[in-house]
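Please take a moment to look over the structure shown below before reading on. The paragraphs that follow lead through it step by step, from strands to helices and then to the parts that touch one another.

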Amino acid sequence: MSVKHSLLALLSTRSMYGQQLKAEFEARTGEMWPLNVGQVYTSLNRLERDGFVVAAAEGADDDARRPYEITPAGEVELGMWLREPGNSKVPPRDELVMKIMIAVSIEPDAADSLSHEVIQSHRRQSIEAMQRFTHLKADPTAGSASLMMCDAELFRLEAAVRWLDSVEARLRTGAMVTAPAAQIVGDDMTSPITQQVNQ
Amino acid sequence: MTPGQGSANAPVDVIATSNDLLPLELQNVTRVYGQGAREVRALTNVNLRIRRGEFVAVMGPSGSGKSTLLTIAGGLETVTSGCVRVDGTDLSSLNPTKLAATRLQRIGYVFQEFNLLPALTAVENVAMPLELGGTNRKEAMARAAEQLGRVGLSDRTEHFPDDLSGGEQQRVAIARALVAGNQLVLADEPTGALDSVTGESVMRTLRASCNEGASAMVVTHDAQLAAWADRVVFLRDGRMIDETDAAVTPEAFLANQGGRR
């Protein structure tokens, strides 16, 4: 998540003080990611350094009372950031995926094996997290931003549960085949599979 | 709450609805199909108790025994061993007529494909269980209209199922499931035929019904649907292998989230 660019986006609507930016950011992301004021000013300083925002100096007695506004260069930067792909090329290092892959590799086939126990434990915990987000969503006073954030988390967790289901189904239907360890050629640390995905 | 109170010895024609009785209790339920080499154990020693106002989801893959569990809980199938009690009454103690009456009065069903009668309006569909139970038409229609209001469909009473959206049809089905004062809803993938936002409106309706005192058991493989439940139990190969902990308060949860990020 880029706080810096999110602040830039907020400033594209109107000029704002640091405190206002903090409040607006939190409201628009369903209060899922609380910011501290320090983070806000660090980001603003970087944006100012890069020429993407300017602080109005006139009539300001201290930093906290200086409204910031976006520059034309900032508008261009924001447009690029909103459209550039997220981290979709390299698969992110997902801790859950790693744990399951390791559990499966340790003991792949016994019926009541470590794998099934580990899979079920993660399935239960994912569903428990989903119950909590659903509870938040069921609150009749929840705003749209909060509903959308809850949905984002629910879809992410649902994907994890479905992946766990598919791993379990694979474990049940056949023997696991272990592929030979990939050879690392030269100093290129990228695995063949990552190279294929990133093409 | 006193488990099993009233149970098998209760006179069947006085089906108590005391708050002390569990809307649904499965005790050591085992269901075996076939014999010998062809024997299939669909359920093995399943224990499940659903409290008044509780919404329980049963999750499991295809073939885990979910549907068998639902049909047994609804008295549509018998157990090989063990006991099913609805409002404290052992279903196996009932003769076919009493069993049918119990099903009609106590248990409402919601299916994936809505199962509304296309030639009847929404209000007539909802009134049907009442009329089958002997309520006169005028009263049945009035109560059905009231029940449709409770699921947010008071402006759809005269519509035929074909003129309703999928989500509206399923809410009509929920109204029908609850109209006779049935306190137990059994549902099989109730949002399976709906998109996610429409499915959510159906789950909100079911959740609200439970908040008002109905109880529900929903079988599903859909995690988003299951997450609406108070408790999720996991079924594998006919056995209950796990269940979720009681939900923490949302406040504690948010504090935890803030600390983690």
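In this model, which is predicted, a good place to begin is strand β4 of chain B (residues 81-86), which is joined to β5(B) by 2 bridges, the two strands running antiparallel. Within this pair, V86(B) stands opposite T89(B), a residue of β5(B). The pair belongs to an open sheet of 4 strands in chain B, whose order is β2-β1-β4-β5 and whose pairing is antiparallel. At the edges of this sheet stand β2 (40-50) and β5 (89-90) of chain B, and each has a single partner strand, so one side of each is left without a neighbour in the sheet. Helix α1 of chain B (residues 66-73) lies across β1 (24-33), β2 and β4 of chain B, and it runs at about 120 degrees to β1(B).

Chain B also holds an open sheet of 6 strands, in the order β6-β7-β8-β3-β9-β10, and here the pairing is mixed. Its edges are formed by β6 (107-110) and β10 of chain B, each of which has a single partner strand, so that one side of each is left without a neighbour in the sheet. From one strand to the next, the twist averages 20 degrees. If you follow the sheet from β6(B), you find it joined by 4 bridges to strand β7 of chain B (residues 184-188), and these two strands run parallel. In this pairing, Y109(B) has L186(B) in β7(B) as its bridge partner. Helix α6(B) lies across β3 (55-59), β7 and β8 (215-220) of chain B, running at about 150 degrees to β8(B).

We can now turn from sheets to pairs of helices. Two packed helices are described by the angle between their axes and the distance between the axes. In chain B, helix α3 (residues 122-132) and helix α5 (residues 166-178) pack at an angle of about 25 degrees, with their axes 7 Å apart. Angles under 35 degrees count as roughly parallel, and α3(B) and α5(B) are therefore roughly parallel to each other. The crossing in which α3(B) passes α5(B) is right-handed. On the side of α3(B), the residues A122(B), N125(B), V126(B), M128(B) and P129(B) meet V172(B), A175(B) and R176(B) in α5(B). The residues of this contact divide into 6 nonpolar, 1 polar and 1 charged.

Chain A offers another pair, helix α2 (residues 18-28) and helix α3 (residues 37-49), whose axes come within 9 Å and cross at roughly 110 degrees. Because angles of 65 to 115 degrees count as roughly perpendicular, α2(A) and α3(A) are described as roughly perpendicular to each other. Their crossing is right-handed. In this contact, G18(A), Q19(A), L21(A) and K22(A) of α2(A) meet V37(A), V40(A), Y41(A) and L44(A) of α3(A), and the residues divide into 5 nonpolar, 2 polar and 1 charged.

On a wider view, chain A is divided into domain 1 (3-83) and domain 2 (95-173), and the C-alpha centres of these two domains lie 36 Å apart. Between them, 6 residues of domain 1 of chain A are in contact with 4 residues of domain 2 of chain A.

Finally, the two chains meet in a contact that takes 20 residues from chain B and 18 residues from chain A. On the side of chain B, at least two residues each are supplied by α6 (196-211), α7 (223-226), β9 (231-236), β10 (239-243) and α8 (250-260). The residues on this side of chain B divide into 12 nonpolar, 3 polar and 5 charged.

Notes:
Residues are numbered from 1 along each chain as its sequence is written. Chains are lettered from A and ligands numbered from 1 in the order in which they are written. This is a predicted model: local features need pLDDT of at least 70, side-chain atom pairs count only at pLDDT 80 or more; totals for chains, interfaces and linings use all residues. Axes are lines fitted to C-alpha atoms, for helices over the stretch in contact, and angles run from 0 to 180 degrees between N-to-C directions. Angles under 35 degrees count as roughly parallel, over 145 as roughly antiparallel, 65 to 115 as roughly perpendicular and the rest as oblique. A crossing is left-handed if the near helix is turned anticlockwise from the far one by less than a right angle, and right-handed if clockwise. Two residues are in contact if their C-beta atoms, placed from the backbone, lie within 7 Å. Ala, Val, Leu, Ile, Met, Phe, Trp, Tyr, Cys and Pro count as nonpolar, Asp, Glu, Lys and Arg as charged, and the others, Gly among them, as polar. Domain bounds come from an automatic or database domain assignment. Two strands pair if DSSP finds at least two bridges between them.
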